[in-house]
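Student: I should like a close look at a single part of this model. Please begin with one residue and its surroundings, and then set that part in its wider context.

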Amino acid sequence: MIEWTPTPYFEDQIRQSFNVPEIRPEFVNLLHGDLTRRASAKSRPGTLLFGLRPAWIILAAVLSVLILGTLVIGPQRVYAAVMRFLGFNDPGLQSIRDAGLESELNFTAQPTILPGPTSKTAPPSASILSLSQTLEGVTLTLDWAYVDESRLALSWTTSPLPADLVYDSPSLTFTGFTPLQRGGVVQELRSDNNQMMYVSYQVIQVDAVGEKIDFSVDLPLVQAGDETQTPVANFRFDLKDIPVFRGTTLNLQQTYAHRFNGVEVRLESVRMMPSFTEVVACYDFPNEEAPFWYIQNATVQIDDGPEESYRAYQYLSEITDDHCVKLGFAVGSTAESSHLTFRIHKLVVPLTMQDQVSGERIAAANQALAANGIEIASAPADQSEGPGGWKFVRKPEGGTDPAQDPNLLVVHILEETMTGPWVLPVDLPDSSVIPGLPTVEPTAVPTIIGSQSVEGVTVTLDWVFIDALRAGIGYTITGLPDVPEANVLHGLVSLRDAQGNWVGGAGIGSSNVERVADQPGVLRGTWSVGFSEPLTQPEAQFQLEITLDGSQENEWIAAFPIPPEATPYPPGVFPPRLPDQLIGTYIFDFTAPVYPLKTIENIPPVSTNGLTMQILKADITASMSKITLCYNKPSERDWWVYGAELKNDSEVDTIRGGTLLYDTDFELPLKGRDPLSLPPEISELPNERCLELHFLIGHANQDAPLTLTIPQIEISPPEVIPDGEMQAAQEKLRAQGIEMNYQTWSTGGGGGGGTTFTTLPEGMTEQEAYQKYKEALGYVYMGPWVIPIDPQP
Amino acid sequence: MAKTSMALKFQKASPQFEEQKMIQAARLDPRAFGELYLRYVERVFKYLYSRVGSVQEAEDLTAQTFLAAFESFDRFHQDGHFAPWLFTIARNKAMDHFRRHKKVSFTHEISDVPVEFDPLEGVVQSEQVDTLSRLIRTLPEEDRELLRLRFLAEMSFPEMARLLHRQEDAVKKSVYRLLSRLHNQMEVSDD
């Protein structure tokens with residue numbers, strides 16, 4: 001039989017059948033206004049204790065509780081209690097943090113920079129970015145960017161690099177245009193402060209591209225000494241709406257090309273690292289007769305220091321008819337260095353052992369070599385004493401000076417040469433010439449695992465945790481104003497998986513935020529979300545988005561904990577928003593290990609008061625538990641588990657939810673649903689029920705067993721309790737000194753009932769009396785059932 | 001920005017999350033209760049109109065419901081179950097209304113409870129809706145209440161289960177059986 005499913009059309013017909021008119025907007029507004037007035041009146045401030053501000057009262061109370069608590073129950077429990085008080089009421093996340101299970105991250109950041117308020121008349125100023133990423137254990141922060149019509153400057157701060165890794169040259173990709181007249185770049189990483197600056201010389205005309213530009217920066221991390229420069233990792237920063245200032249506003253210079261005797265040399269890039277300098281230079285061939293011209297003598301000079309000759313030479317592929325080489329120099333950057341001069345002294349046509357120079361050149365060489373006591377003659381290649389086909393006729397004996405080596409002197413004389421020098425001076429990047437930068441004191445190397453800044457507001461991802469059932473993160477926000485009156489943090493937090501799907505749907509999540517003591521404006525929060533299906537892979541990739549947005553009144557990440565003693569706002573005064581505007585979206589791409597799901601079976605049943613509870617299985621991760629529990633109900637009625645607690649070694653959580661899986665009295669599971677696989681000793685029993693119980697606490701990767709405690713099971717009270725049952729219960733209660741009334745009502749459209757206790761024994765609370773009432777009705781079956789669950793196989 | 005708008009869409013697709021935030025905001029600042037009011041006022045009105053059949057009385061009861069909810073909001077602690085709590089108040093207000101207007105003393109006897117106004121006696125919009133209206137009128141009041149809660153109060157099955165103190169699956173089963181029965185009766189009627 002095919003089960004009929006109601007269609008939306010049919011459901012809409014049901015709605016129409018009631019013939020309900022639309023609500024009048026006037027009425028909606030009128031009532032809304034009335035509620036608002038009442039709310040304002042309700043918000044009136046109360047009298048302050050001892051005339052103190054609420055913050056001092058709260059602080060004094062908290063300190064008293066902390067001191068007493070520390071003395072009585074110890075600091076760790078006090079800490080846990082405080083965390084719960086502050087809203088960190090997620091024992092599963094607390095456990096995994098206590099157990100140090102946060103993931104070491106390998107993530108990148110893709111921040112979305114929103115336009116800032118830049119006036120046309122605003123003076124040139126660097127855009128402060130502070131965008132951080134961590135790859136291969138290296139954290140790189142793009143601190144700022146500055147662009148005018150002829151200069152583009154960027155600055156990073158990096159954590160110390162491993163010995164085998166080095167930054168390659170960055171590449172820039174502009175959106176919608178290509179810069180004109182590219183004029184070389186210089187990149188310098190200084191070891192004293194781990195700061196790296198990059199300056200690119202080109203033309204970006206404001207009239208052509210506008211006052212703000214978008215561009216991406218790729219900065220590869222490569223293996224040191226890897227000539228192929230294969231990236232080990234690539235830091236990518238997408239920058240939006242970076243202002244372009246008119247004219248040349250940076251006092252930095254770099255000579256791009258030097259033409260000498262009709263031969264031009266162009267300095268394409270200088271990459272200066274702490275231990276070496278790499279120069280890419282291109283040059284014309286003095287003539288096209290020789291197949292190849294070689295840079296025989298090139299040097300770099302730092303400030304007024306000695307000229308250093310190159311140690312490595314790599315011929316690069318030709319770039320638009322240029323012949324380009326990459327030269328390596330064993331000279332690194334220093335804190336004091338401010339200028340670099342690159343010189344090419346001589347271009348040569350290299351000789352080979354197969355070459356045979358002419359007799360005229362041999363004769364001319366002998367004239368030059370005579371002063372050194374050297375004479376040569378032509379010789380066939382197989383008898384040649386060096387490249388070019390020659391042999392010594394006369395040469396000086398001995399000598400240890402390599403520069404006076406007779407073979408080298410002969411070869412250098414025979415080679416065709418073009419002598420310079422071609423001189424190309426370069427200003428090394430200097431942040432002091434960048435407008436708008438605050439005075440920067442040397443700072444410690446960042447130890448954070450990821451942070452990004454927009455408009456001076458920094459979001460740091462402190463930790464993440466992923467297990468098969470849920471994901472949790474911890475974050476810190478700095479740079480927002482300190483607004484003690486704000487009651488919520490406005491914005492959104494969300495998570496997407498590697499396929500770009502939003503994570504969620506399990507009905508599980510938490511979000512908390514608190515102000516950090518003694519650090520005004522610093523906020524710290526946690527956030528978690530459950531997976532609709534358990535993760536099975538060992539590692540998973542996610543994208544976390546944190547949007548700070550005060551422009552949306554009803555969008556907020558979490559509420560700040562406010563103790564009941566806090567003073568309400570006066571009438572007509574609304575809590576300030578934090579932030580008070582849209583700041584931006586901070587996006588963290590990260591990969592993290594997935595702590596696996598453990599399924600524990602064969603847990604011994606526990607009997608109490610003649611009723612046996614059996615856990616068929618427990619699906620447990622480090623931060624969460626789903627427990628399938630079966631029991632034989634005392635009757636066919638709706639006996640449900642109440643007040644169940646799950647405890648691990650350090651934390652305890654009460655039941656967060658559950659699902660009724662099996663109950664033949666209630667015809668469950670429904671037809672068409674997957675039947676629950678039950679052992680015969682359970683399925684053959686009458687009144688058997690199986691539930692799946694959910695707890696936000698797991699094993700926290702500890703060996704210690706968990707303990708499930710079920711204090712009692714109860715019947716859900718019906719809407720109307722039969723008179724006979726009620727009268728019998730009242731008799732039992734009367735014997736215990738409890739007098740009560742019970743009233744029911746019904747409109748035919750349902751019904752209800754309620755109790756009123758008129759007489760209670762001295763010292764008994766209404767809550768205790770209500771428990772007695774349920775017991776008297778026979779709606780409670782007392783336990784407790786205490787079931788250990790050992791996560792070890 | 002594209003990413004931001006996607007995030008907004010996601011959040012808008014998570015009404016429970018939105019509602020949770022509204023509740024927490026209202027707890028911190030009573031003026032934020034207005035958001036909860038705007039979220040539920042139409043549903044409460046429709047539900048109450050279906051009970052009393054008069055716009056004026058439905059508006060009056062709607063106002064009473066929200067004012068009562070506002071005044072007692074401090075005692076509401078079950079964040080995930082605002083709708084059952086609110087509609088419990090609405091049902092009680094409707095009950096009070098019948099008590100006052102019918103001048104009948106409240107007793108335990110269900111037969112003594114006054115008969116409510118039946119709005120389904122009004123205008124019908126189409127033949128099918130007319131047929132459906134007549135069929136619904138013949139239903140037991142308990143079943144009609146299920147339809148009101150589901151289709152006028154727009155309550156989810158978990159919310160209905162909490163309001164009615166029944167298991168979610170049992171409520172779901174009852175509603176689907178009821179809809180199936182009505183559908184079958186519609187087909188028979190058409191034949």
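Tutor: Leaving aside residues up to four places away in sequence, Val349(A) touches Ala290(A), Phe292(A), Trp293(A), Glu415(A) and Glu416(A). The model is a predicted one. Val349(A) itself belongs to strand β17 of chain A, which covers residues 339-349. Among its partners, Ala290(A) lies 59 residues from Val349(A) along the chain, yet the C-alpha atoms of these two residues are separated by 6.6 Å.

How is Val349(A) classed, as buried or exposed? The count of other C-beta atoms within 10 Å of Val349(A) is 19. Burial requires 20 or more such atoms, while a residue with 12 or fewer is exposed; Val349(A) is therefore partly exposed.

The contact between Val349(A) and Ala290(A) can be set beside the figures for the whole chain. In chain A, among contacts with a separation of 6 or more, 72% join residues 24 or more positions apart. Chain A has 793 residues, of which 35% count as buried. Its secondary structure consists of 11 helices and 42 strands, β17 being one of the strands.

Chain B is built from nine helices and zero strands, so that its pattern along the sequence reads α-α-α-α-α-α-α-α-α. Of its 191 residues, 39% count as buried. For contacts in chain B with a separation of 6 or more, the share from residues 24 or more positions apart is 54%.

The two chains can also be considered together, through a pair of helices. Helix α1 of chain A spans residues 8-17 and helix α7 of chain B spans residues 141-152; their axes come within 10 Å and cross at roughly 110°. Angles from 65 to 115 degrees count as roughly perpendicular, and α1(A) and α7(B) are therefore roughly perpendicular to each other. The crossing in which α1(A) passes α7(B) is left-handed.

Which residues form this meeting of α1(A) and α7(B)? From α1(A) come Glu11(A), Ile14(A) and Arg15(A), and they meet Leu147(B), Phe151(B) and Leu152(B) of α7(B). By class, the contact of α1(A) with α7(B) comprises four nonpolar and two charged residues, with no polar ones.

Note on methods:
Residues numbered from 1 in each chain as written. Chains lettered and ligands numbered in written order. Predicted model: local features only at pLDDT ≥ 70, side-chain atom pairs only at ≥ 80, totals over all residues. Axes fitted to C-alpha atoms, helices over the stretch in contact; angles between N-to-C directions. Helix = DSSP H or I, 4+ residues; strand = E, 2+ residues; numbered from the N terminus. Parallel < 35°, antiparallel > 145°, perpendicular 65-115°, else oblique. Left-handed = near helix turned anticlockwise from the far one by under 90°. Contact = placed C-beta atoms within 7 Å. Nonpolar A, V, L, I, M, F, W, Y, C, P; charged D, E, K, R; others polar.
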